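Reader: I would like a close look at one part of this model, the sheets and the helices packed on them. Please take it strand by strand and add whatever can be said about the cysteines.

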Amino acid sequence: MANRELVVLGTASQAPTRFRNHNGYFLRWDAEGLLFDPGEGTQRQMLFAGVTASQVTRVCLTHFHGDHCLGLPGVLQRMALDRVAHPVTAYYPGVNAEVFGRLRHASLFHDTLTLLEHPVDGDGVVADGVAADGGSGFRLEARALSHLVPAIGYRLVEPDGRHMLPDELAARGVDGPDIGLLQRSGRLEVGGRVVTLEEVSVPRRGQRFAFVMDTRLCDAAFELADGADMLVCESTFADADGALARDYGHLTAGQAGQIAAAAGARLLVLTHFSQRYETGPPQRLRDEAAAAFSGEIVMAADLDRIPVPRRASGVR
Ligand SMILES: [Zn+2]
């Protein structure tokens, strides 16, 4: 099982279909579990996907249209039922804190959950530094998107690091705890000779994950997607329905491809499909995105598990 993967819980916009649940995405990122936009039915989809309530460490809401949040009350209640002991942090557009409060207290239950609320007001870093397992290198950022109601997108950025080369370490007699010492201090004296970190390692680019939901084409979508190893992007409409996309504050599949291409993304995951394409050619939206983006494209289906691509070598 990959340490970092996207578990797709639902892929329908607005109304669920016979084959697609409302939105919902669980990102497993080492010891962190980020639940994005739990639409209606998310609790049951988690069951089908083998995601437990206790695996969720953070909940990230992009906005408060029902297909992105109506599953929240059920998931929170389930966390309490399962006696989730760790605190869970929820991020959401701060201007709609009142709506969040209604979802948080939508039903009566024995509420034992420690839910830390983090309303997001403005662009920037919303969580930095310490991951759930105590490790560093976890940075979550948000940016305002352009939708009919206040909406934000997210991205997860792992700092660039270095990949140690076992042969080079062995050739210089560096082993055991000395490796960690060298990583921390950048240089080490071994047998009367100084070994530098650069001699025994190569740059390792940190992984990036971007989550761009309901929005028109806007600068923030490109910024979020910048250099993403995995870009999850709404593609509600086909290109022929571009006027509808504009009016309702959405992207077409071709625009999702444009974002991925301009941002240098590696893997584009298309989702949040309008029900109007349910009976059409299944690859239509994928083909439209592919006209703009030559990288790998996945049309998300409910219960898909999509590994975050392995780290690219070198720092761009
Ligand atoms: Zn929306």
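Author: What follows goes through one sheet and its helices, then another sheet, and ends with the cysteines and one arginine.

The model is predicted. Begin with the open sheet whose 7 strands are ordered β6-β5-β4-β3-β2-β1-β18, with mixed pairing. Its edges are β6 (115–120) and β18 (305–307); each has a single partner strand, so one side of each is left without a neighbour in the sheet. From one strand to the next, the twist averages 20°.

Two pairings show the mixed character of this sheet. Strand β2 (residues 24–29) and strand β3 (residues 32–36) are antiparallel, joined by 5 bridges. Within that pair, Trp29 has Glu32 in β3 as its bridge partner. Helix α1 packs on the sheet, where it touches β1 (4–10), β2, β3 and β18, and its direction makes about 130° with that of β1. Helix α3 (residues 97–104) also packs on the sheet, touching β5 and β6, with its direction at about 140° to that of β5.

Strand β4 (residues 58–60) pairs with β5 in the parallel sense, over 3 bridges. There, Val59 has Ala90 in β5 as its bridge partner. Strand β5 (residues 88–93) is mostly covered, with 6 of its 6 residues buried.

Helix α1 (residues 42–49) also meets helix α2 (residues 72–81): their axes come within 8 Å and cross at roughly 60°. That angle makes α1 oblique to α2. On the α1 side the contact is made by Thr42, Gln43 and Met46, and on the α2 side by Gly74, Val75 and Arg78. By type, the residues of this contact are 2 nonpolar, 3 polar and 1 charged.

Now the other sheet. This open sheet has 7 strands in the order β7-β8-β9-β14-β15-β16-β17, and its pairing is mixed. Here β7 (124–129) and β17 (296–299) stand at the edges with a single partner strand each, so one side of each lacks a neighbour in the sheet. The twist averages 15° from one strand to the next.

At the β17 end, strand β16 (residues 267–271) runs parallel to β17 and is joined to it by 4 bridges. Val269 stands opposite Val298 in β17. Helix α8 (residues 253–263) lies across β15 (230–234) and β16, and runs at about 155° to β15.

As for the cysteines, the count of disulfides is 0. A disulfide needs two cysteine sulfur atoms within 2.5 Å. For Cys218, the closest cysteine sulfur is that of Cys233, 9.9 Å away, which is too far for a bond. Seen from Cys233, the closest cysteine sulfur is in Cys218, again at 9.9 Å and too far for a bond. Cys218 counts as buried because its relative accessibility is 15%, and the cut-off for buried is under 20%. Cys233 is buried too, with a relative accessible area of 0%.

One residue remains. Arg184 is found in helix α5 (residues 177–185). Its relative accessibility is 68%, so Arg184 counts as exposed. The C-alpha atoms of Arg184 and Leu197 are separated by 9.1 Å, with their positions 13 residues apart along the chain.

Methods. Residues are numbered from 1 along each chain as its sequence is written. This is a predicted model: local features need pLDDT of at least 70, side-chain atom pairs count only at pLDDT 80 or more; totals for chains, interfaces and linings use all residues. Side-chain values use heavy atoms; hydrogens and water are left out. Two strands pair if DSSP finds at least two bridges between them. Axes are lines fitted to C-alpha atoms, for helices over the stretch in contact, and angles run from 0 to 180 degrees between N-to-C directions. Contact means heavy atoms within 4.5 Å. Angles under 35 degrees count as roughly parallel, over 145 as roughly antiparallel, 65 to 115 as roughly perpendicular and the rest as oblique. Ala, Val, Leu, Ile, Met, Phe, Trp, Tyr, Cys and Pro count as nonpolar, Asp, Glu, Lys and Arg as charged, and the others, Gly among them, as polar. Buried means under 20% relative accessible area, exposed over 50%, partly exposed in between (1.4 Å probe, protein chains only).
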